[in-house]
Amino acid sequence: MTHSVSIINTRLLWKLVWVIVYGITLFYTYLSFTDMAHMMKWMMYAMAWMAGGMFAEAVVGLVYHCCGKDSNNCH
């Protein structure tokens with residue numbers, strides 16, 4: 001496997017991870033609309049998943065930008 005193919009596979013893997021994280025957020029968001037008695041609980045789950053997912057995506061993006069395999073200036 002060449003270097004560029006492994007980078008593409010790694011990026012694809014991370015894209016799939018983010019789709020799953022945001023899919024869980026979507027699940028909790030729509031679950032809250034089906035049960036009004038527990039709406040706040042499910043919306044809190046959705047907000048926690050969204051905040052955590054966005055933070056994780058930002059951290060991984062920063063690490064890949066600074067020290068990714070395709071970066072020439074990794075320290």
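These are my notebook entries on the aromatic pairs and a nonpolar surface patch in a predicted model.

Entry 1, aromatic pairs. I searched the whole structure for paired rings and found five aromatic pairs. I looked at Trp-14 and Trp-18 and noted that they form a stacked pair, with 5.5 Å centre to centre and 25 degrees between the planes. I then checked where these two residues sit, and both lie in helix H1, which covers residues 3-34, at a spacing of four residues or about one turn of the helix.

Entry 2, cover of the two tryptophans. I looked up the relative accessible area of each partner: Trp-14 has 29% and is therefore partly exposed, whereas Trp-18 has 9% and so counts as buried, the cut-off for buried being under 20%.

Entry 3, a tilted pair and its cluster. I next turned to Phe-27 and Tyr-28, whose rings form a tilted pair at 5.6 Å centre to centre, with 55 degrees between the planes. For Tyr-28 I found a relative accessible area of 18%, so I recorded this residue as buried. I also noted that ring pairs link Phe-27 and Tyr-28 with Trp-42 and Tyr-45 into a cluster.

Entry 4, the surface patch. Which residues form a nonpolar patch on the surface? I listed Phe-55, Val-59, Val-63 and Tyr-64, which together have about 380 Å² of accessible area. I placed Tyr-64 in helix H2, residues 39-67, and I entered Tyr-64 as partly exposed because its relative accessibility is 32%, a value that also passes the patch requirement of over 30%.

How values were computed
Residues numbered from 1 in each chain as written. Predicted model: local features only at pLDDT ≥ 70, side-chain atom pairs only at ≥ 80, totals over all residues. Heavy atoms only, no water. Patch = residues over 30% accessible without salt bridge, like charges linked within 9 Å, V, L, I, M, F, W, Y side chains within 5 Å. Areas by Shrake-Rupley, 256 points an atom, 1.4 Å probe, with all protein chains shown as cover. Salt bridge = Lys/Arg side-chain N within 4 Å of Asp/Glu carboxyl O. Buried < 20%, exposed > 50% of the residue type's maximum accessible area, 1.4 Å probe, protein only. Phe/Tyr/Trp six-rings, centres within 6.5 Å; stacked < 30°, edge-to-face > 60°.
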